Structures are given as structure tokens and as C-alpha cells.
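Please open the model in a viewer and keep the sequence panel visible beside it. The tour below proceeds by selections, each followed by an account of what is to be found there.

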Amino acid sequence: MSHEFAVVWAHKDRLLEGLANTIWLSLLATAIALVLGALIAAVLMSRLSVARRAMQWLVDGMRCVPFLLLAYIVYYGLPTFGIRLNNWTAGLCALVLYNAAYLGEILRGAWAGLPSEYTDAAHAFGFQGLLLYRRIILPPVILASVPIIGNQVIQIIKDSAFLTILAVPELTHAASAIQSTYFVPFAAFVAAVALYWVLCRAVELTVGWTERRAEERR
Amino acid sequence: MALDAKIATEFATATAERPVIEVRGVSKSFGDHAVLCDVSLTVDKGKTICILGPSGSGKSTLLRCLNWLERPDHGDVYLSGQRIGYRVGGHVAMSSSELAAIRARIGMVFQHFNLWPHLTVLGNLIEAPIYVQRRARDTVIADAERLLTKVGLAEKRDVYPARLSGGQKQRVAIARALAMRPEVLLFDEATSALDPELVGEVLAVMKDLANEGMTMVVVTHEMGFAREAADEIVFLDHGRVVEVSDPASFFDRPRSERARQFLQRYERA
Amino acid sequence: MNAAGFASLLQGAALTVMLSLIGIVAGVPLGLALALVRWARIPLLSQVVAVYVSVLRATPLVTLALLIFFALPNIGIPVDPIPAAILTLSLNTAAFNCEIWRAALTDFAKPQIEAAKAAGMTPGLAFRRIVFPQIWRTSLPALVNEMTLLIKGSPAIAVLGAVDITRAAVRIGSETYEPLPPFIAATIIYFAIILVFVRAQRTIESYMTRRFGFA
């Protein structure tokens, strides 16, 4: 058993490369999905009931679809329309689309819970439209949702593992490669699980740190 | 040989006329804070004992030691001659089922009623008699309905506790404790959480029980009830028994200074 | 995609649903057992459960499936794809269910348990008659939500080679050179199944609020 772990350690570069890919993929997907989610939240709170209801349907629909199937559709299906993405980009797109829906719903929930005093004062000072949204509404909304966004980031990290099926070289794929080449399945996947756990703990600690900083400003 | 003699003495004491509850030298601390210091008292059959004292005097803790909801640090508690919390003649703690069997013989009424919300009024009454005492369902239900009539709530039999007033809930709680046919009833500030106009209906039930000869230990702030219904007042202050006397003596001619100060505060109020 | 293709999709769907259901049926009581261990503060075992739950909640389903399928034979336990899939889904959902049950247990009103103790109930009896009848109702929406998440994650078992709906779609696509239709069909089938659970959860929540005054 320990000799297995020694083999994995000898090839830790491969594993760490996979880890780096997972981190990069997750961070990028989170950032883009947050921006997209903010737009979606704006539509969900809009006064145009047609737009609002259409977006609600889309968001609810996205939450009823398994992520892997969405990834498949983006990767295998888009070429039918002439859009040919490599597996990495397809995976990123799927992560972004999927989680933008969730984040949009999260941000909308926090926005609906905002006391109206925030926006009343801003209107009185002449804020409106995009400026109002960006400077007055979004900051407290995001701050209030930090723990739930943290959970979503953990979800993104875990969903990225699905992309191993599309041969994206993230952490699970790296572990899989090591185990099939050197026949060390136990050590390879235990190492991967340990690294995922570390990643999730890091997210939880960041959320805690952010919440404490937010408390100071309240 | 020594063990035989020990068992023989226990048996002899057990069969003689003995008090329902006996407390010997009970002490209890929570962390550094000493709540009870060397408390002893005796509750004879058919008597109503009222435990009075200022807040923080340890009244509730003492009551909860009687059915081992709180475990004393020192001292012993006996129910009809049987030692609670430890097995006969030893320092071996009772198992949870042995403790449960003892508690089934003691009824308790809580300040906040503690009714079980997922059961109807009748359900609350019959739950323990059926599942703890394993009595036949028909007799238990008949008993329970009789008790509900006794506390004046027969028509609420199929209602859920959430729909009752505080006074009604407490009367249900009393009936629930009585349904177990306990050897003694403990009341932990039973009226303190009630609106003033609902206190009377609960005290009336308690007075009836006292008059019928139920053995009761009552922790209360209701001086009127204590004066009328108690056979004996135990006055507690800072975890010690300061004075034990009959109600007339206690309220009219208190012997201790602290009892006097305590009663003065209530007279002014 | 022709009728035969659609038939094999449905077959795959049936397998997926069945495996998910087994995972749910095993995972809900297992989660309760784990939560009870922590609630009763059993020494050593509580800490083990805490670590188990923390790790399982951070592990992607795909990685867990690969770990179980490839690593168990390595330490002497041979395992087929289907049992491995069931084990993966059960162990994963049990960890999340443990946290759901634990939240209900810690929130449970202690005065009710005191009354049960005072009435002579042993801890076991008090749990069976007083605690459980109430916490299964309060936990139901969260448990159903977790069931939905499990079904959404179940395509992970495609890595094990069991011919579930995802693999069926892939195979049809590669045979017909038209990958999109089977994937869309598979997505629609999943969508329908998940929608049933989501609707069920909403109905349960509003029923709870109306009948018991909480959700």
C-alpha cells in the first residue's frame, strides 16, 4: 500500500497539473458565471413580466438538467450548428451556463430580501440604471449571498470532475491516468479525494474570512 | 454474609411505613457555582409540600434532582425507600431503563407545559401509559377520558396542543402526569409562564388534587396557593434549607430573618 | 434516431432511475444512522462519522465511483459496475442526508425530550415515539431536494461502464453520426423525472406549512 503512494508521489507533478486545471477551470467558470448571473438576476427582477417569466422558465429548466448531459450537448451537439469547440472550452461553457442559472437565482433571492431603504436613498441621489445596479444593489446582494455562493463554488469544483468523461485534463482525469498507467488505483484516487477535500475546505475558510470582513463593515 | 445483611435491612426498611420521597444531604454545583448545599427533606404520603424561595435559590434544581433530571453531586434521593440513580447497595449507576422505570412512578408538570405537538390531547395522555407502562389500550383511554373530564377539558380530547390556551395546555399536562398513576407529582413553577387570568384555573386543579390526598411537591411563587393548599413549607435560600414549617407559622411568624425579608417583598407586591 | 435507439435510451433511463432509487432508499436511513451517532455523541465513532461526512461531501461523484470501482478490487474486494454504482450513490447521498437529519435533531425542542424522560421513556422509546415522528416531517423537503441532486448526479456512473442512459445516448450518437438527438432525448427524459421530484418537494413544503405551520 505504501509503495502505491510512493508511486503516486513520484508522479505528483501530473496530479498537481490536474489540480491546477481544476482550480483554474473552477475560478474562471465562477467569475464568468457570476457576471452572467448578475445579468440574469436583473432580468428576473425586471418589471417586464414577459422577460421575467421567460427567464424564470429558463433558470428553472436549467436546474432540472443533469450537468453531464449539458456538457455532452455543448460538446457533441454544437458541431451540428457549425460551432466546434475543443473539450476544454466546451466544458467551461457548460460550467458557465449551468451555474449562471443557479447564481442568478441566488442573487435574485438576496436582492428580493434587500430592504428598500437602500434603493430609495440611491434614487434620491440620482442613481439609476446600470450605475445603480453596479454600485448600490450588487455589493450588498453579493455580500449577503457569500455563504450560498461558497456552496455553489464547491458545486462547481465537483461538477468539473464530470469533464473527465470528455477527457478534459482536470484532477480526476490525472488521477485516472496515473492509476491506469502504474496500476495504483487506491493511492491515486485517495490522493485525488484528499485534494478535493482541501479545495473545499479552502473555499469554506474563504467564505468564513469574507463573512468576518463583511461583519466589520456592517 | 455482609451483603445478605445489607439486603435484609433494605427489605425491612422498604416494608415499613416510609415517606414517598426522602432527600438526604443533596449538593449540586454547575461548574463553580454551588446551587444546592446539603439539602435534606422528607415528603410523606398524601402531603403537599411547597418549596419557596427567591430566584436562584435552587428550587427548580432541587425538584429536578427528585426524578434525576439533574444528577446530584453528593447525597441521595429515595422513592418509597428505593434509592434513585444507583442500584441497590452499591455505587453502580442505574441503567437508562432502570432510571426510566423509576421516573415512570413520578409525575412531573413543567413550567412550559412541554406537551408533544404531534399528538392530540388524548394522544398526549395515553402515550406513556401504553408505551412505557404497557397497560391495555382500552383501559388507558377510559382512564384518560376520566382525567380530562376531571380537569375540565373533555371536549378537547381530539384537539392538537397548538390550538389550546396556556391554561388549557397546563391542565392537559397535569392530566398527562396523572395518567401514569404516579406515587408523587412534581410541579416546576407550573403557573409562572401563564397569563395572570389563566393562573386561577390551573391552581384550582392543583388545589383539588391536594385535597384529594395526592402526594405533591410544588415549586411556586403563588403565595396564596402555598398558604391554602400546602401541608408544609420548605424555604430555600442560596441552595440551603433555611426553614421548614407549616403554612400558618411560616407566613405569620417566620423564624428566620431571610424568610422575613422574602415575605416582605411579596407583601409589598 | 430510430425507434430501436429510443428503446435503448429508455432502457438506460430505467436502469439509471432504478439505481438512483436504490441509492435513495439506502441513503436516507443510513444518513439517519450517521446523524444519530453524532447526536448521541458516541466517543470515537462520532469523530469518524464527522470526517466521513466532510470528505464525502467534498468528493465528486465521478471520482468516488472510480475510487470504489478500481480501488476495492485492489484491496481484495472484487466489485461489478452495478454494485459499485449503487455503493457510490448510497455513500454519497448518505453523507448529505446525515447533515439534513442532524440539523433537524439539533433544532429539536429539548423540553419535549425532558417531558418524555420524566414520563419514564428510555432514550430509544423517546426517539421512536416523540422525536422521529416530528423530524421526518420537518426534514422531508430537504431530503427530497437531496434526492433531486442525486438523480442529477447519477450520470456519473457512466464512467463505470454500466449501460445507463448517458452511455446509451453516446452509443446511439456514435452509430448514427447524429449525436444531438439522443442527447436531447436523454435530457428530456431526465428533465421529466427530476421535474416530478421538484414538484413533489414544492407540494410537500406547502402542505407542511398549511397543516403544521412550518416548512
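The stops that follow begin with the chains as wholes and then turn to individual helices and strands.

**Stop 1: the three chains**

Colour the model by chain, and bear in mind that it is a predicted model. Which chains share the most contacts? Of the two pairs of chains in contact, that distinction belongs to chains A and C. Chain A and chain B, by contrast, are joined by no contact, and their closest C-alpha atoms lie 30 Å apart.

**Stop 2: chain C alone**

Hide the other chains and display chain C. How many helices and how many strands does chain C have? There are eight helices and zero strands, so that a reading from the N terminus gives α-α-α-α-α-α-α-α. Along its principal axes, the C-alpha trace of chain C spans about 70 × 50 × 25 Å. Chain C has 215 residues, of which 45% count as buried. Consider next its contacts between residues at least 6 apart in sequence: 76% of these join residues at least 24 apart.

**Stop 3: helix α9 of chain A against helix α3 of chain C**

Show chain A again, then select residues 185-216 of chain A, which form α9(A), and residues 61-74 of chain C, which form α3(C). The axes of these two helices come within 8 Å and cross at roughly 150 degrees. Because angles over 145 degrees count as roughly antiparallel, α9(A) is roughly antiparallel to α3(C). The crossing of α9(A) past α3(C) is left-handed.

Now display the side chains at this contact. On the α9(A) side, select A:P185, A:F186, A:F189, A:A192, A:V193 and A:Y196. They meet C:T63, C:L66, C:L67, C:F70, C:A71 and C:N74 of α3(C). By class, the residues of this contact comprise 10 nonpolar, two polar and no charged. A general point assists in reading such a list: an α-helix has 3.6 residues a turn, so residues three or four places apart point the same way.

**Stop 4: helix α8 of chain A against the helix just visited**

Keep α3(C) on display and add residues 171-182 of chain A, which form α8(A). Here the two helices pack at an angle of about 15 degrees, and their axes are 10 Å apart. α8(A) and α3(C) are therefore roughly parallel to each other. This crossing, too, is left-handed.

Which residues meet at this contact? From α8(A), select A:T172, A:S176 and A:Q179; from α3(C), select C:V62, C:T63, C:L66 and C:F70. The contact of α8(A) with α3(C) has three nonpolar, four polar and no charged residues.

**Stop 5: helix α6 of chain A**

Select residues 117-124 of chain A, which form α6(A). How many of its eight residues are buried? The count is zero, and the helix is hardly covered. After α6(A) comes A:G126, which has a positive phi, near 95 degrees.

**Stop 6: where chain B touches chain C**

Display chains B and C together. Their contact takes 20 residues from chain B and 17 residues from chain C. On chain B, select α3 (96-103) and α4 (121-131), each of which supplies at least two residues of the side that touches chain C. The largest share of that side, five residues, comes from α3(B). The chain B residues on this side divide into 12 nonpolar, six polar and two charged.

**Stop 7: the strands of chain B**

Show chain B alone and select β1(B), residues 21-30, with β2(B), residues 33-43. These two strands pair in the antiparallel sense over seven bridges. B:F30 stands opposite B:H33 in β2(B). The hairpin of β1(B) and β2(B) has two residues between the strands, and B:G31 takes a positive phi near 65 degrees.

Next add β4(B), residues 74-79, which pairs with β1(B) in the antiparallel sense over five bridges. The bridge partner of B:I21 in β4(B) is B:L79.

Finally, find the open sheet of six strands in chain B, which has the order β6-β7-β8-β3-β9-β10 and mixed pairing. Which strands stand at the edges? They are β6 (106-109) and β10 (240-245), each with a single partner strand, so one side of each is left without a neighbour in the sheet. From one strand to the next, the twist averages 20 degrees. To end the tour, select β9(B), residues 232-237, which pairs with β10(B) in the antiparallel sense over five bridges. There the bridge partner of B:I233 is B:S245 in β10(B).

Technical notes: Residues are numbered from 1 along each chain as its sequence is written. Chains are lettered from A and ligands numbered from 1 in the order in which they are written. This is a predicted model: local features need pLDDT of at least 70, side-chain atom pairs count only at pLDDT 80 or more; totals for chains, interfaces and linings use all residues. Axes are lines fitted to C-alpha atoms, for helices over the stretch in contact, and angles run from 0 to 180 degrees between N-to-C directions. Helices (H or I, at least four residues) and strands (E, at least two) are DSSP runs, numbered from the N terminus. Angles under 35 degrees count as roughly parallel, over 145 as roughly antiparallel, 65 to 115 as roughly perpendicular and the rest as oblique. A crossing is left-handed if the near helix is turned anticlockwise from the far one by less than a right angle, and right-handed if clockwise. Two residues are in contact if their C-beta atoms, placed from the backbone, lie within 7 Å. Ala, Val, Leu, Ile, Met, Phe, Trp, Tyr, Cys and Pro count as nonpolar, Asp, Glu, Lys and Arg as charged, and the others, Gly among them, as polar. Two strands pair if DSSP finds at least two bridges between them. A residue is buried if 20 or more other C-beta atoms lie within 10 Å of its own, exposed if 12 or fewer, and partly exposed in between; C-beta atoms are placed from the backbone.
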